[in-house]
Amino acid sequence: MTPVSTHSVNDALQWRYATKKFDSSRKIPPVVWAALEQTLVLSPSTMGLQPWVFTVVEDPAVREKLSAAASGQRQPLDCSHFVVLAGRKGLDKKDIERQLARTAEVRGVTQESLKGFAAMLEGGTEKGRSDGTLDAWMARQVYIALGMFIMAASVLGVDTCPMEGFEPPKFDEILGLPARGYGALCAWALARAHARTGDAVAISSYLGGSDKFDRAMARFSAAYAATNAEDFERLHSAIRAGEVEVGRAR
Ligand SMILES: Cc1cc2nc3c(=O)[nH]c(=O)nc-3n(C[C@H](O)[C@H](O)[C@H](O)COP(=O)(O)O)c2cc1C
């Protein structure tokens, strides 16, 4: 592994911002997406439980529904890749058994030798279950994956927008998550940005309550429209006078 330079990391983080407007015509190259997908697969989680499901939504009709359940935000529609991150709800014995079996398989050891680890898994999750904090604990793991995702995309120069501004029950229903024991927590849209948009909240607070700016914008717009109309009329006159030749594009 070759470490990247400290300024590469800091430059990437300075460059990153939550993108509001994506260029829907620009898709993320498959090789870049493959690297980003790995950040999810390789994300750490408590005791390695990986209590999540990540859904990459491609179907435009499903994206339309998700956008509607996110107050009409356009990112799900315009982005290249839209990922919904869901957390495990009601983690149970089967999850733990699966985790132990997989750990034994990957490490090439017997499950018997993992007794201590098994007790830790069972004790920890049982405590969460009895004090009602288990789902919230698992949800925190999902946000680690979101953080990894955002960081990796920044370094790769991919524009992104993390999203929580949606109705989770609607996302759950659209994606059929409850039947699988999961609930939507956040989402992530990524693509190339159209252009950098200003921070609406900062601009609004800078402008304050007066309507001075609104009036200035209205005056500017009216003047600009008049200039456009004059330009158009001038072009027409020039065509009529034969000063400008007009052809048909082939
Ligand atoms: C978990 C999370 C959820 C967010 N949800 C939304 C969202 O639904 N829509 C949106 O436009 N921005 C969303 N944002 C973006 C934040 O508003 C943005 O990150 C914050 O204002 C800071 O701005 P910056 O990321 O451009 O530096 C979310 C950010 C995070 C981390």
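**View 1. The residues around the ligand.** Tyr17, Ala18, Lys20, Gln73, Cys161, Pro162, Met163, Glu164, Gly165 and Cys186 surround the ligand, each with its C-beta atom, placed from the backbone, within 6 Å of it. This is a predicted model: local features need pLDDT of at least 70, side-chain atom pairs count only at pLDDT 80 or more, and totals for chains, interfaces and linings use all residues. Residue numbers start from 1 along each chain as its sequence is written. Strand S3 gives the largest share of this shell, 3 residues; strands (E, at least two residues) and helices (H or I, at least four) are DSSP runs, numbered from the N terminus. By type, the shell holds 6 nonpolar, 2 polar and 2 charged residues; Ala, Val, Leu, Ile, Met, Phe, Trp, Tyr, Cys and Pro count as nonpolar, Asp, Glu, Lys and Arg as charged, and the others, Gly among them, as polar.

**View 2. The open sheet.** Here 4 antiparallel strands line up as S1-S2-S4-S3; strands pair if DSSP finds at least two bridges between them. At the edges are S1 (52-57) and S3 (159-163), each pairing on one side only. Follow S2 (residues 81-88) to find the 8 bridges joining it to S4 (residues 182-191). His81 stands opposite Leu190 in S4.

**View 3. Helix H10.** This helix covers residues 212-240, and its end C-alpha atoms are 42 Å apart, in agreement with the 42 Å expected for 29 residues (1.5 Å times one less than the number of residues). The number of buried residues in H10 is 0, so the helix lies largely in the open; buried means 20 or more other C-beta atoms within 10 Å of a residue's own, C-beta atoms being placed from the backbone. Just after H10, look for Gly242, with a positive phi of about 75°.

Methods:
Buried ≥ 20, exposed ≤ 12 C-beta atoms within 10 Å, placed from the backbone.
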